[in-house]
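Me: I have a model open and want to learn how to read its charged pairs and one of its interfaces. Where do I start?

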There are 4 protein chains.
Amino acid sequence: VVNIDEVIIDEIGVTAFVPGSGPLADSRKWDELAGPEKVIIKHLTGPSGTTKDGTAVISDRLRWKVSPFIGTIGVAPEFEIRSSLTGQGYWGGNMDCRDIKPGSKVFFNCYNDGGLLFIGDVHASQGDTEFTGAADETRGEVHLSCDVIKGKQIPGVRIEKEGSIITLSCEKPMEEGVKTAIVDLMSWLTDEYGFTQKEAYLTTTLNPDFRVNVYQMVKIDDLRYTVGAELPKKYL
Amino acid sequence: VVNIDEVIIDEIGVTAFVPGSGPLADSRKWDELAGPEKVIIKHLTGPSGTTKDGTAVISDRLRWKVSPFIGTIGVAPEFEIRSSLTGQGYWGGNMDCRDIKPGSKVFFNCYNDGGLLFIGDVHASQGDTEFTGAADETRGEVHLSCDVIKGKQIPGVRIEKEGSIITLSCEKPMEEGVKTAIVDLMSWLTDEYGFTQKEAYLTTTLNPDFRVNVYQMVKIDDLRYTVGAELPKKYL
Amino acid sequence: VVNIDEVIIDEIGVTAFVPGSGPLADSRKWDELAGPEKVIIKHLTGPSGTTKDGTAVISDRLRWKVSPFIGTIGVAPEFEIRSSLTGQGYWGGNMDCRDIKPGSKVFFNCYNDGGLLFIGDVHASQGDTEFTGAADETRGEVHLSCDVIKGKQIPGVRIEKEGSIITLSCEKPMEEGVKTAIVDLMSWLTDEYGFTQKEAYLTTTLNPDFRVNVYQMVKIDDLRYTVGAELPKKYL
Amino acid sequence: VVNIDEVIIDEIGVTAFVPGSGPLADSRKWDELAGPEKVIIKHLTGPSGTTKDGTAVISDRLRWKVSPFIGTIGVAPEFEIRSSLTGQGYWGGNMDCRDIKPGSKVFFNCYNDGGLLFIGDVHASQGDTEFTGAADETRGEVHLSCDVIKGKQIPGVRIEKEGSIITLSCEKPMEEGVKTAIVDLMSWLTDEYGFTQKEAYLTTTLNPDFRVNVYQMVKIDDLRYTVGAELPKKYL
């Protein structure tokens with residue numbers, strides 16, 4: 001378990017349109033989006049006196065409260081991965097999940113002595129799917145702590161955030177990822193919360209607060225999409 | 001424009017596991033879900049004295065506040081559709097979108113004199129994707145009114161709900177639907193709110209409140225998935 | 001069963017690049033393909049003295065033997081379909097399958113008295129996927145005969161062509177269509193040729209002459225992709 | 001360029017149904033396919049006196065001529081890959097392409113001094129998609145030679161086999177892989193054979209001998225599907 005306590009971001013961030021990359025890079029209709037284009041984002045300090053609750057500003061029109069999170073987090077699997085940028089999977093990696101943020105607990109299986117946690121790729125903010133492929137990328141200072149749960153194995157990465165539990169999948173095509181995340185949530189409900197199979201199936205189908213989140217859908221190299229299935233804790 | 005004022009649901013609803021249908025119907029591991037299974041859901045009245053803000057109850061464990069919406073809504077296209085159950089597309093249809101609910105305005109192009117609006121398939125509640133394929137299906141009483149906007153054409157169905165604007169897509173595979181919904185939202189921003197192409201691209205990519213909703217992902221017959229791209233109005 | 005005896009095509013055919021349609025219509029890199037573009041194809045007579053074994057000629061470089069087939073064929077389902085252009089499914093329709101050609105038998109279930117067979121949309125030739133969305137479209141004269149098999153139901157459209165049997169699926173996403181076609185072929189092997197489940201699974205996996213054909217992959221409106229699973233008869 | 005001269009397979013091969021793996025492993029309907037199941041395949045010698053043109057025999061019903069090919073072939077990319085089993089991409093890898101066989105030339109870009117070619121995973125035969133996930137896996141003796149083409153870069157792996165040229169893609173979802181393979185073939189035609197963009201687009205759409213091959217569609221770990229676009233050389 002990794003407990004995320006704080007993510008303090010730098011005073012500036014950057015995003016970019018990369019030529020040949022991104023869903024509209026080759027579009028004739030959307031002809032202003034071919035790139036290369038670099039955009040600097042200012043992070044103003046917030047009520048805390050730090051940027052962690054500050055405001056991101058590109059222009060008068062483009063400004064919003066930051067929502068910092070950790071884009072890449074995982075534990076070393078049993079094998080060498082290509083890089084922290086492109087590797088993703090049941091061990092974590094570059095998942096770009098906005099719910100891996102202060103107040104969240106992230107559960108990974110461990111594949112090596114000591115776990116070999118790695119983190120990086122802090123984002124000041126990101127919309128669902130990270131459409132262009134680059135979020136508000138920034139330096140960050142992260143405070144976290146880890147607990148070890150012995151003798152337990154889980155089917156995929158899990159998150160407990162304030163108020164809800166979430167299962168993550170990293171897969172393609174997206175239909176498969178959505179199904180995996182939901183079935184893993186059903187397993188969580190049946191294995192640890194005493195739900196019957198039917199109760200778990202009915203909950204994901206009928207509960208109006210059950211959510212599927214499309215955290216990342218970037219077509220770069222061998223990245224897969226990150227999908228989450230989320231249920232408020234009050235239903236557990 | 002269709003203004004949804006009120007959706008009052010019946011005192012009971014029903015859902016079902018249909019043999020041979022649904023993502024786990026043939027699963028050996030999830031062997032309690034093969035069906036046939038019929039589940040009756042009671043709808044208790046809420047503070048309003050009606051069921052519209054009431055509680056859905058299957059058992060002590062399975063209970064939540066209802067969140068009624070209109071599953072099927074659309075205007076007749078230029079051709080005969082197969083049925084209100086399976087037809088979906090730019091004219092609407094069985095979209096199963098939880099945001100077509102009281103307080104929402106839904107925008108359709110019109111293809112016939114008088115528009116020929118049709119509605120039905122009220123759901124008392126539904127989780128994202130409507131996983132089994134059947135939500136809390138119920139009778140409903142719907143109050144709505146319509147306005148006509150002359151001389152305007154939109155690329156797909158649009159929703160204004162309290163606090164946000166949403167574009168819908170009905171497509172397969174899901175990657176295509178997500179892309180269409182986002183690009184249609186970008187068109188909305190550039191065509192009607194004065195955003196440049198770059199501002200629209202940056203907003204969907206970076207704004208932490210930009211959401212992609214997977215309203216429905218049911219593999220029945222020729223249904224397609226319903227996806228929405230949503231942006232809070234305060235950023236317009 | 002529909003026995004296709006002969007498909008005689010007209011002396012010219014036409015194909016087109018439609019603006020806004022087709023996989024490269026909006027591409028900046030492939031900037032000559034935006035359309036509108038109409039291309040006339042001449043069909044020279046062949047050894048038979050007719051065009052049925054003739055040659056299609058666009059230019060010196062672009063010429064090949066024609067391979068005429070019926071693009072749209074089906075029996076009326078139990079409901080009104082939108083049009084013969086966009087309707088597809090277990091009843092047939094606009095499948096654009098190059099194996100529905102002279103010498104083939106096509107099997108459909110019947111849903112109405114008399115079957116209500118319809119055909120049209122003859123193509124003089126088509127590459128796999130019909131990439132732009134328009135093949136060598138032409139008028140045609142078709143000779144066919146029908147047999148009725150009573151009291152039998154099949155899971156999807158089947159073809160017997162010279163030398164092989166084929167199951168068709170019309171689905172999205174493509175992974176689903178491929179799986180459905182293969183599983184339907186396995187059902188054919190187990191139901192009618194005495195294969196065990198294991199023999200059918202081993203055959204599709206190991207037989208080097210087992211083929212998956214991507215007949216059509218056109219993203220227009222509500223068309224779905226047409227995929228076929230094919231096994232030579234000598235293995236039956 | 002890697003010239004494949006000969007692939008001589010062992011006298012036996014093996015395939016297996018792995019529990020929890022494969023498209024029907026969890027199916028209640030196909031209940032004989034859950035595994036674990038191991039199947040030994042005998043390879044009888046053929047006219048050449050070796051197994052290279054021999055016959056694979058599982059039973060009286062399940063026998064066919066072998067069609068040996070190299071399942072895994074590639075050059076080391078610029079980074080460590082996870083393993084030769086799961087790594088695939090523009091550098092090659094576990095592509096399971098039945099056209100990488102005796103008589104074929106396979107073109108890779110080189111990313112390291114000496115190229116660092118690796119091969120393995122010989123299959124005696126395989127049907128399209130390698131449905132269960134395991135082909136006729138066998139030991140093999142491979143004779144090949146390499147040529148170096150200096151100063152040239154290609155967008156993806158290319159094959160010249162007797163009579164045709166093929167472009168490969170390793171992607172998900174399958175729609176994307178099919179499109180990439182076709183567009184890469186169009187690039188080959190325009191870059192090296194003097195086709196205009198329109199001629200290339202018309203050829204893939206209309207030429208009745210243009211084929212899309214679904215070599216592999218296995219959902220294991222981070223494998224992607226292998227698709228090929230193939231055009232006979234006589235049209236070049």
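Reply: Start with the salt bridges: the structure holds 56 over all chains. Keep in mind that this is a predicted model.

Me: Which residue forms a salt bridge with Lys161(B)?
Reply: Asp99(B), with the closest N and O atoms 2.8 Å apart. The pair links distant parts of chain B, 62 residues apart. Lys161(B) sits in strand β12 (residues 158–161). Asp99(B) lies in the loop between β8 (92–94) and β9 (105–107).

Me: Is Lys161(B) buried or exposed?
Reply: Buried means under 20% relative accessible area. Lys161(B) has 13%, so it counts as buried. Asp99(B), at 1%, is buried too.

Me: What does Glu192(B) meet in a salt bridge?
Reply: Arg158(B), at 3.0 Å, N to O. Glu192(B) is in helix α1 (residues 174–192) and Arg158(B) in strand β12, 34 residues apart. Glu192(B) is partly exposed, at 36%, whereas Arg158(B) is buried, at 3%.

Me: Which residues are linked in a network of salt bridges?
Reply: Among them are Asp99(A), Lys161(A), Glu230(A) and Arg211(B).

Me: Now the interface. How is its size given?
Reply: Often as the accessible area lost when the parts come together. Between chain C and chain A, about 720 Å² is buried, and carbon and sulfur atoms give 31% of that. Asp26(C), Arg28(C) and Pro173(C) supply 68% of the area that chain C buries there.

Me: How many salt bridges are there between chain C and chain A?
Reply: Zero. Ten residue pairs are in polar contact, though. On the chain C side, the residues divide into four nonpolar, one polar and six charged.

Definitions and conventions
Residues numbered from 1 in each chain as written. Chains lettered and ligands numbered in written order. Predicted model: local features only at pLDDT ≥ 70, side-chain atom pairs only at ≥ 80, totals over all residues. Heavy atoms only, no water. Buried area = accessible area lost by both parts, 1.4 Å probe. Salt bridge = Lys/Arg side-chain N within 4 Å of Asp/Glu carboxyl O. Polar contact = N/O pair within 3.5 Å; in protein donor to acceptor, adjacent residues only side chain to side chain. Nonpolar A, V, L, I, M, F, W, Y, C, P; charged D, E, K, R; others polar. Helix = DSSP H or I, 4+ residues; strand = E, 2+ residues; numbered from the N terminus. Buried < 20%, exposed > 50% of the residue type's maximum accessible area, 1.4 Å probe, protein only.
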